[in-house]
Amino acid sequence: MWLLLIPPAVCSCQQADDKKTFSQLSWLLGTWEGEANGQPFYEQWVKEGETAFANANFSLCNGDTLVNSRSRIELRNGKIAYTSGELTWELTEISNTSCIFENTRYHEKFIFSISGNGDWIADLNYSNSSVKY
């Protein structure tokens, strides 16, 4: 009978650790401004529960807001992943100021970090190109 009680306790502790690790990403929340090809764009990260953040990447054109893409970071099945459409990048490293997501199938690595003065830095590395803003 003792053996039946131990696995739920271990599982419960693991879930608490996963949520604590996920909470290290809270610095991503908010609206960030970047520039690509000389044009400003914005990313807005919002919290959706204890284990999910939703993102909208948008630009402004003639006073209209144009959503360019959407993505998520969420804790699923004990793993933290960044998803966009059908693609997934798994969390491989995390700290209170940076995180790295990788898709080994496509040889892609996304590094997000926050500088000491509060600037958000994104370094997106694809198999044959990279973008940094």
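Two strands are taken as paired if DSSP finds at least two bridges between them. In the predicted model described here, strand 7 (residues 98-103) and strand 8 (residues 108-114) satisfy this criterion with six bridges and run in the antiparallel sense. Within this pairing, F101 stands opposite F110 of strand 8.

The chain contains one helix and ten strands, and their order along the sequence follows the pattern α-β-β-β-β-β-β-β-β-β-β. The ten strands form an open sheet with antiparallel pairing, in the order 1-2-3-4-5-6-7-8-9-10. Strand 1 (30-36) and strand 10 (130-132) each have a single partner strand, so one side of each is left without a neighbour in the sheet. From one strand to the next, the twist averages 20°.

The N-terminal part of the sheet is described by two successive hairpins. Strand 1 and strand 2 run antiparallel and are joined by seven bridges, with E33 placed opposite Y42 of strand 2. Two residues lie between these strands in the hairpin, and N37 in the turn adopts a positive phi of about 55°. Strand 2 is in turn joined to strand 3 by six bridges, again in an antiparallel arrangement. Here W45 has N55 of strand 3 as its bridge partner. The hairpin formed by strand 2 and strand 3 has four residues between the strands, and its turn includes G49, with a positive phi of about 85°.

Two polar positions illustrate the environment of individual strand residues. S59 is located in strand 3 (residues 52-61). Its relative accessible area of 15% lies under the 20% cut-off, and S59 is therefore classed as buried. Apart from residues up to four places away in sequence, S59 touches P40, D64, T65, L66 and N68. T88, by contrast, belongs to strand 6 (residues 87-94). With a relative accessible area of 32%, T88 falls between the limits of 20% and 50% and is therefore partly exposed. When neighbours within four places in sequence are left aside, the contacts of T88 are A81, Y82, T83, E102 and N103. The C-alpha atoms of T88 and S71 are separated by 9.8 Å, the two residues being 17 apart along the chain.

Aromatic side chains were examined next. A pair of aromatic rings is described by the distance of the centres and the angle of the planes. With ring centres required to lie within 6.5 Å, the count comes to 15 aromatic pairs. One of these, between F41 and Y133, is edge-to-face, with 4.7 Å from centre to centre and 85° between the planes. This pair links distant parts of the chain, as F41 lies in strand 2 (residues 39-47) and Y133 in the segment after strand 10, 92 residues apart. F41 has a relative accessibility of 9% and therefore counts as buried. Ring pairs further connect W32, F41, W45, Y82, W89, F101, F110, F112, W120, Y126 and Y133 into a cluster. The cluster thus includes both F101 and F110, the residues that stand opposite each other in the pairing of strand 7 with strand 8.

The largest nonpolar core comprises 22 residues, and L28, I73, F101, F112 and W120 have the most contacts inside it. At least two residues of this core are supplied by each of strand 2, strand 4 (64-76), strand 5 (79-84), strand 6, strand 7, strand 8 and strand 9 (120-125). Strand 9 gives the most, with three residues. For I73, the contacts beyond four places in sequence are F22, L25, L28, W45, T51, A52, F53, I80, A81, Y82 and F101. Among these contacts of I73 are L28 and F101, which are themselves listed with the residues that have the most contacts inside the core.

Over the chain of 133 residues, buried residues make up 32%. The exposed area of the chain is about 8,700 Å², of which carbon and sulfur atoms supply 51%. Of the contacts between residues at least 6 apart in sequence, 26% join residues at least 24 apart.

Methods:
Residues numbered from 1 in each chain as written. Predicted model: local features only at pLDDT ≥ 70, side-chain atom pairs only at ≥ 80, totals over all residues. Heavy atoms only, no water. Axes fitted to C-alpha atoms, helices over the stretch in contact; angles between N-to-C directions. Buried < 20%, exposed > 50% of the residue type's maximum accessible area, 1.4 Å probe, protein only. Contact = heavy atoms within 4.5 Å. Phe/Tyr/Trp six-rings, centres within 6.5 Å; stacked < 30°, edge-to-face > 60°. Core = buried A, V, L, I, M, F, W, Y, C linked by side-chain atoms within 4.5 Å. Areas by Shrake-Rupley, 256 points an atom, 1.4 Å probe, with all protein chains shown as cover.
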